[in-house]
Amino acid sequence: MSRADEAETVNVTVNGAEIEASPGELLIDACERAGAYIPRFCYHSRMKPVGMCRMCLVEVDTGRGAALQPSCMLPVSDGMTVETETDLTKKAQDGVLEFLLVNHPLDCPVCDKGGECPLQDQTVAFGPGESRFVEEKRHYEKPIAISDTVYLDRERCILCDRCTRFANDVAGDTLIHFMDRGNNTQVNTFPDEPFASYFSGNTVQICPVGALTAKPYRFKARPWDLEETISTAWTDSVGSRITVQSSRNEVLRLLGVDADSVNWGWLSDKERFAFEALNSEDRLGRPLVRDDDHQLVATGWGDALDRAVAALQGAAPERIAMIGGARLTNESQYAWAKLAKGVLRTDNVDSQLGDGLPVEAVLGLPRATIDDACRPGGTIILMGPDPKEELGALYLRLRHAVLEDGATLIEITPRAGGLTGLASHSLHPRPGELPALTAALVAAVNGEAVDTAGVGGGVIAAAAAALDGPVTVVLGRASLAETGESVADAAVNLSRLDDVSFLSALRRGNIHGALDAGLSPGLLPGRTTLSAGSERVGEVWPGLPESDGLDTAGILAASAEGDIDVLIVLGADPINDFVDHAAAVAGLEAAGTVIAVDLVRNDSIEAAAHIVFAAAGPTESSGTFTNLEGRVSVCEQKVTPPGTARPDWMLATELAHRLGADLGLDSPESIRAELVSVSPVHHNLIEEALAVGRIDGVLVEGNGDIAAPVSTTADVPSNDAYSLRLVSTRSMYDDGVALRHSASSRGLARGLDVRLSPTEFDKLGVKPGTIVKVESSCGQLLAPAFADSSLPAGSAHVPWSAAGSPAGSLIDAGAPFIDVRVERA
Amino acid sequence: MPTHSYVPHAPGYVDNEGPKIVTSRFGYEDSFTLERSQATGGYQALRTALDKTPAEIHSEVREATLLGRGGAGFPAGIKWGFLPPGKFPYYLVVNGDESEPGTYKDRLLMERDPHQLIEGCLITCYALGLQQCFLYVRGEMALAQERIAQALNEAYAEGYIGKNILGTEFSVDVVLTWGAGAYIVGEETALIESLEGNRGMPRLKPPYFPAAVGLYGQPTIVNNVETLSNVPWVTENGARQYKTYGSEKSPGTRMFAVSGHVKRPGVYEVEQGITTFRDLLYGDNFCQGIRDGHELKMFVPGGGSAPWFFEEQLDLPLEAGPVGAAGSMLGSGGIIVMDDTTDAVKAALRLVRFYARESCGKCTPCREGTTWEERVLQRILDGEGRPSDIEMLLDIADNISPGPYPVAADPAQDLDAIPFPPKQTTICPLGPSSVAPITSTIRRFRHEYEAKITKRDPIPVAAEKAVS
């Protein structure tokens with residue numbers, strides 16, 4: 001791509017003034033830069049133009065006489081002369097607006113869009129004063145629910161093709177389309193097929209009229225009553241930029257912000273609508289303690305903190321442990337890391353819940369940004385979870401890269417996913433055999449390819465031959481029934497490819513901030529280890545742990561043995577999130593004192609917590625968030641927390657204070673300053689940079705002191721003829737605590753089923769949907785059975801995300817693979 | 001062979017004893033079969049073509065000035081030259097979605113002589129190095145689809161289509177597809193969208209000129225059925241022979257479909273350029289004049305989209321240039337004749353309603369404007385018209401098609417013609433097509449509108465004319 005003319009500019013005359021524009025730039029954008037805003041409805045800078053609404057007609061002369069042209073479809077060319085305010089242009093704009101209003105109901109006073117409506121605004125600015133249309137307007141049933149969250153009012157629709165283009169081109173969910181023709185043209189779903197897209201909320205945001213509305217916001221506020229602040233979405237680790245809009249101290253709506261390096265303005269519905277959980281009636285407004293009848297009862301902060309201090313004071317460092325922390329802001333994570341490791345001197349701290357990766361695989365390999373992964377001409381190796389299910393905004397970026405920018409996608413996943421249709425090669429190795437497959441792939445680049453892990457040598461050779469340009473591995477834990485170590489080993493193999501870098505696909509909220517803050521065994525803040533960073537961090541912290549501690553699996557196992565006196569559960573629900581259900585329950589129940597810090601009561605709190613601190617949610621406290629690239633962006637407080645709930649970092653300082661230590665942290669800013677002082681990798685995270693990078697954030701780069709992982713696992717034996725190897729993946733809507741408390745997303749969690757490769761399904765000899773028994777060495781469940789042709793032979797899939805995470809009952813933490821038997825019930 | 005009259009097995013076709021280039025087999029009852037085709041020289045032109053170089057065929061067609069018969073009248077030989085080099089594969093798309101009001105000539109060509117069309121496609125593919133041909137036939141034309149499908153099977157079996165055609169290195173596949181019943185897919189970019197499996201909606205040109213970015217983004221030649229049906233004859237007989245028919249600028253013959261108040265409506269193969277509208281409408285070999293006791297009030301010269309003509313345009317030749325300069329177009333070759341019993345407002349409404357119903361819904365001015373026009377016309381006819389409606393209709397028309405809309409000269413009012421084509425605020429000409437009946441009738445018969453608005457019923461029209 002080194003065309004000589006690419007760097008050059010062209011000159012365009014806009015209303016008499018000459019401006020410079022880059023070749024290929026659309027005229028509508030060039031004019032806007034020149035200060036001549038051209039009205040538009042269908043044009044959206046993140047989608048392909050269609051020239052449908054005809055609102056952006058301007059008079060253009062390219063040397064053959066002036067003519068009306070749609071400026072959204074016209075790339076600039078040298079010597080082009082544009083008039084945006086001539087009588088001809090104005091008449092055309094007047095005419096189009098009058099046409100648009102012919103059938104548009106004037107119900108603005110009761111329309112949610114009224115006050116922020118492009119049709120309203122542009123009618124005032126560019127339209128005729130009144131309509132000459134005297135006939136009856138078009139009528140449709142209004143509104144109709146086209147999905148669980150989105151309503152469509154076809155009378156208001158001006159048929160701009162934005163929602164339909166988004167669904168088809170951007171999200172790839174062609175579930176809404178035009179039907180009928182002429183004046184009866186309307187957007188609708190296909191019969192009996194709802195607009196069940198994970199990205200449906202974006203259509204509401206980009207609708208230029210009030211035709212599409214979302215359930216959580218309908219009739220909740222008028223735009224002029226809303227206050228807003230910029231922030232970062234927290235339900236997954238993409239770090240999509242959002243504005244948080246509130247009225248009367250209640251968050252009412254989140255909108256995507258177009259951050260060029262991150263989400264391009266798009267959000268998954270989970271990111272967009274899960275804020276409802278923050279407004280839920282079940283939010284904790286006061287701390288809780290367990291009374292003598294084993295009931296959790298509200299209490300005052302003094303009582304709750306004193307009880308926590310009493311428990312902590314009596315415990316030896318190695319008998320204290322802390323699980324979780326991915327929900328917290330970077331600042332709160334640092335404060336809790338300093339409390340746990342610096343004051344309590346325990347290294348039994350893990351922010352991952354046994355469902356992630358070894359930290360070396362996340363922090364110790366060459367890192368890539370989303371933009372790196374999406375480079376035109378590059379190759380993306382997806383060796384991780386289905387981004388459509390777990391990292392929605394990243395899915396949209398990857399999809400665009402493959403479809404529009406010519407990136408090559410190679411998929412190494414346990415089964416087909418949202419990007420499979422775009423992958424040039426899909427490799428589905430047998431569970432647990434990722435290392436073998438990746439070794440074979442790397443070997444095939446310069447040599448022979450042999451059948452490996454159930455994947456044919458020809459397929460491996462073809463995938464190896466398709467590797468082109470810089471390679472980005474999107475690295476995560478696709479199946480919870482395999483270990484992170486196995487993925488890390490595979491990553492080590494892939495790191496031998498030329499020009500390769502890695503984009504972490506750990507999914508949970510601010511998990512990357514947690515790792516950067518040292519919330520992991522053996523880590524200290526700033527991507528450093530206990531040994532390498534002790535001198536730097538030790539200067540600032542009151543103390544340090546003596547040796548490397550346990551991870552979550554180790555903590556729960558130790559606790560079950562009676563070796564943990566105090567277990568702090570920092571915004572986590574191990575019963576639902578830890579891969580091994582039985583181990584989580586046993587560990588929580590055997591811990592001496594369980595201190596939970598959370599927003600609502602979750603299953604782990606109900607089952608085992610003795611003391612519960614009520615924490616402030618993401619829109620209720622200020623701080624920063626680190627996304628999967630290492631990009632730090634701000635989360636600003638918009639509303640006050642319920643009751644007396646407090647920001648997490650404040651709870652850490654308060655506990656430290658009562659333990660006789662001073663963390664020296666009195667604001668998010670002071671915490672950031674201390675983080676920068678102890679962490680060389682955070683050197684650019686200064687307040688000025690955050691202010692400048694208000695939209696795109698500040699990228700924290702480098703591996704720090706973390707070395708690349710080394711191979712650990714041994715060869716995986718094949719399963720016997722009677723058993724199947726288990727695959728368990730997540731989906732967007734789970735029965736997690738956030739969605740359980742979101743009114744409009746509740747109930748979207750997928751049901752439980754078991755999917756088998758077609759051969760296995762045929763062997764079973766049952767009809768699709770028949771209830772079967774799935775049994776592993778640690779548990780069993782009953783579920784309807786179906787065939788799934790993308791599963792490798794000899795494997796079975798049970799979704800992780802079904803209500804109650806029943807798959808956890810089959811999984812034994814730490815086992816490199818799980819064999820199950822599927823039998824007729 | 002029947003002459004001077006309708007051909008019973010080719011309903012609508014009238015043999016006028018003139019030169020026959022594309023209708024030469026219409027007289028045979030079995031004209032659509034491979035046997036009849038081969039017995040009458042069918043596929044001979046393909047053999048001739050394969051003996052020559054592709055460039056020779058292309059230059060022969062260019063030399064013949066074979067004008068496109070779909071509506072725009074662009075020379076096929078020049079259109080063929082627009083293919084960018086080295087952007088394989090190239091496609092040929094045959095536009096058989098004939099649905100312009102008043103036009104039914106391509107249907108006859110497809111029903112009566114599918115092999116001639118297929119042969120034309122094959123020669124075109126050979127001449128231009130096109131790798132695949134898509135025959136897109138209008139959804140409602142069941143018999144045409146059936147006959148073409150049959151003909152394709154026969155031609156495949158005979159080795160005219162497929163791999164190594166007639167033992168040469170030339171290979172091409174021909175695919176038959178049909179529409180779902182939308183007028184708009186007669187527009188070439190909408191047809192391509194439909195062919196790709198999408199909703200038939202036009203694409204903006206540029207960038208989507210089919211020759212550059214066409215079917216599946218590849219360079220594509222889109223030609224009309226009649227255009228391609230001429231190709232075998234041109235190949236076999238040469239450009240020089242072709243140019244002995246018709247006029248210098250519009251050589252050859254052309255099919256016209258005449259409907260309405262003439263004694264003998266039908267499809268005629270006519271020499272272009274030298275025949276006039278008067279010859280065609282009044283000639284003994286042709287339509288034989290307006291039905292008895294009535295006289296011509298107006299006629300649509302080239303399909304429903306064309307601005308209307310009147311008595312004083314009758315002596316114009318059937319040739320694109322003069323007709324365009326006179327404010328209309330030959331378009332699709334559909335002539336609709338209306339005599340003095342016709343209510344101008346009702347006639348305008350009839351056509352406007354067609355365009356309103358057939359608008360694809362993409363461009364706002366067309367989607368909303370055509371229906372608005374229809375409803376205003378209906379309101380006027382219902383006796384609910386307002387005095388401001390006439391100017392409003394013209395202004396709505398101006399918002400769809402800004403600037404003076406093409407109209408014929410009006411000697412009575414001493415007004416000159418405004419030449420074709422019009423400007424448009426829409427992507428394709430469907431919206432502006434709806435303007436033609438309105439501007440044509442308001443300019444000429446404003447008094448009929450006014451009479452309806454002021455509730456003076458102007459019917460019978462003939463009587464009123466006698467008064468003035």
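This is a short set of questions and answers on a predicted model.

In this predicted model, local features need pLDDT of at least 70 and side-chain atom pairs count only at pLDDT 80 or more, while totals for chains, interfaces and linings use all residues. Residues are numbered from 1 along each chain as its sequence is written, chains are lettered from A and ligands numbered from 1 in the order in which they are written, and side-chain values use heavy atoms, with hydrogens and water left out.

Student: Which strands of chain A stand at the edges of the open sheet of five strands?

Tutor: Helices (H or I, at least four residues) and strands (E, at least two) are DSSP runs, numbered from the N terminus. Two strands pair if DSSP finds at least two bridges between them. The order in this sheet is β20-β19-β18-β21-β22, with parallel pairing. Each edge strand has a single partner strand, so one side is left without a neighbour, and the two are β20 (425-427) and β22 (500-504) of chain A.

Student: What is the bridge partner of A:Thr472 in β22(A)?

Tutor: Strand β21 (residues 471-475) of chain A pairs with β22(A) in the parallel sense, over five bridges. In β22(A), the partner of A:Thr472 is A:Ser501.

Student: At about what angle does helix α12 of chain A run to β18(A)?

Tutor: Axes are lines fitted to C-alpha atoms, for helices over the stretch in contact, and angles run from 0 to 180 degrees between N-to-C directions. Contact means heavy atoms within 4.5 Å. Helix α12 (residues 392-404) lies across β18 (379-383), β19 (408-412), β21 and β22 of chain A. Its angle to β18(A) is about 140 degrees.

Student: And which strand does helix α14 of chain A run to at about 130 degrees?

Tutor: Helix α14 (residues 457-466) of chain A lies across β18, β19 and β20 of chain A. The angle of about 130 degrees is to β20(A).

Student: Which residue in β8(B) stands opposite B:Val300?

Tutor: Chain B has an open sheet of four strands in the order β6-β5-β8-β7, with mixed pairing. β6 (266-271) and β7 (296-300) of chain B stand at its edges. Four bridges join β7(B) to β8 (residues 334-339) of chain B, and these strands run antiparallel. Opposite B:Val300 stands B:Ile336.

Student: About how much area is buried between chain A and chain B?

Tutor: 34 residues of chain A are in contact with 35 residues of chain B. Buried area is the accessible area (1.4 Å probe) that two parts lose on being put together, summed over both. Carbon and sulfur atoms give 57% of this area, and the total is about 3000 Å².

Student: Which residues of chain A lose the most area to chain B?

Tutor: Three residues together give 26% of what that side buries. They are A:Phe99, A:Arg132 and A:Arg181.

Student: How many salt bridges does the rule find across the interface of chain A and chain B?

Tutor: A salt bridge is a side-chain nitrogen of Lys or Arg within 4 Å of a carboxyl oxygen of Asp or Glu. A:Arg138 forms one with B:Glu368, with the closest N and O atoms 3.7 Å apart. Across the interface of chain A and chain B the number is six.

Student: Which element gives the most to the side of chain A that touches chain B?

Tutor: β4 (66-70), α2 (87-102) and β8 (176-179) of chain A each supply at least two residues of that side. With eight residues, the element that gives the most is α2(A).

Student: How many residues apart in sequence are the parts that A:Lys142 and A:Glu155 tie together?

Tutor: The side chains of A:Lys142 and A:Glu155 meet in a salt bridge (3.3 Å, N to O). A:Lys142 lies in the loop between α3 (118-126) and β6 (144-145) of chain A, and A:Glu155 in the loop between β7 (150-152) and α4 (162-170), so the pair ties together parts whose separation is 13 residues.

Student: What is omega near for the peptide bond from A:Lys142 to A:Pro143?

Tutor: A:Pro143 is in the loop between α3 and β6 of chain A. The bond is cis, with omega near -25 degrees.
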